[in-house]
Amino acid sequence: PASKAGIRVDDRLIEFEGSTLADAEALFNCMEKTKPGQEVGLKLKRADKELQIQLKLAQFVDEDEDYSG
């Protein structure tokens with residue numbers, strides 16, 4: 001889903017809905033307050049440029065988890 005929004009492997013996320021992201025934990029904390037389908041704004045750093053993007057959050061699926069019951 002991130003690649004569909006235009007996020008690349010070497011991009012560094014620096015803001016989520018205006019909240020500064022110091023580390024991955026900060027990103028997860030921000031995402032816990034949102035719902036799938038919600039549109040959010042991200043600021044990211046790509047090389048020497050800062051970019052603003054809007055994206056719609058998808059449902060998180062843990063591919064390592066067995067949900068078969």
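**Salt bridges, helix and loops**

Colleague: How many salt bridges does the structure hold?
Modeller: This is a predicted model, in which local features need pLDDT of at least 70 and side-chain atom pairs count only at pLDDT 80 or more, while totals for chains, interfaces and linings use all residues. Residues are numbered from 1 along each chain as its sequence is written, and side-chain values use heavy atoms, with hydrogens and water left out. If a salt bridge is taken as a side-chain nitrogen of Lys or Arg within 4 Å of a carboxyl oxygen of Asp or Glu, the number that the structure holds is three.

Colleague: In which order do the elements of the protein run from the N terminus on?
Modeller: Helices (H or I, at least four residues) and strands (E, at least two) are DSSP runs, numbered from the N terminus. The protein has one helix and four strands, and their order along the chain is β-β-α-β-β.

Colleague: Which residue meets Asp11 in a salt bridge?
Modeller: Asp11 lies in the segment before E1, and its partner sits 35 residues away in strand E3. Asp11 has a relative accessible area of 13% and therefore counts as buried, where buried means under 20%, exposed over 50% and partly exposed in between (1.4 Å probe, protein chains only). The two side chains come to 2.8 Å, N to O, and the partner is Arg46.

Colleague: Which residues are linked with Lys43 in a network of salt bridges?
Modeller: Lys43 in strand E3 forms a salt bridge with a residue of strand E1, so the pair ties together parts that are 28 residues apart in sequence; the closest N and O atoms of this pair are 3.7 Å apart. A further salt bridge of Lys43 spans 3.9 Å, N to O. Lys43 itself is buried, with a relative accessible area of 19%, and its partners in the network are Glu15 and Glu50.

Colleague: Which residue in E4 stands opposite Lys43?
Modeller: Two strands pair if DSSP finds at least two bridges between them, and E3 (39-46) is joined to E4 (residues 49-56) by eight bridges, the two running antiparallel. Opposite Lys43 in E4 stands Gln52.

Colleague: Which residues of H1 are buried?
Modeller: The exposed residues Glu25, Phe28 and Glu32 lie on the other side of H1. The buried ones pack against strand E1 (12-16) and strand E2 (19-20), and they are Ala26, Leu27 and Cys30. They cover an arc of only 100 degrees around the axis, which puts them on the same side of H1, the arc being that of the directions from the helix axis to the C-beta atoms; to name them once more, they are Ala26, Leu27 and Cys30.

Colleague: Is Thr34 buried or exposed?
Modeller: Thr34 is found in the loop between helix H1 (24-32) and strand E3. Leaving aside neighbours within four places in sequence, Thr34 is in contact (heavy atoms within 4.5 Å) with Phe16, Val40 and Leu57. With a relative accessible area of 16%, Thr34 is buried.

Colleague: Is Ala47 buried or exposed?
Modeller: Most residues other than glycine have a negative phi, yet the phi of Ala47 is positive, near 55 degrees. Ala47 is found in the loop between E3 and E4, in a hairpin that has two residues between the strands. At 68% relative accessibility, Ala47 counts as exposed.
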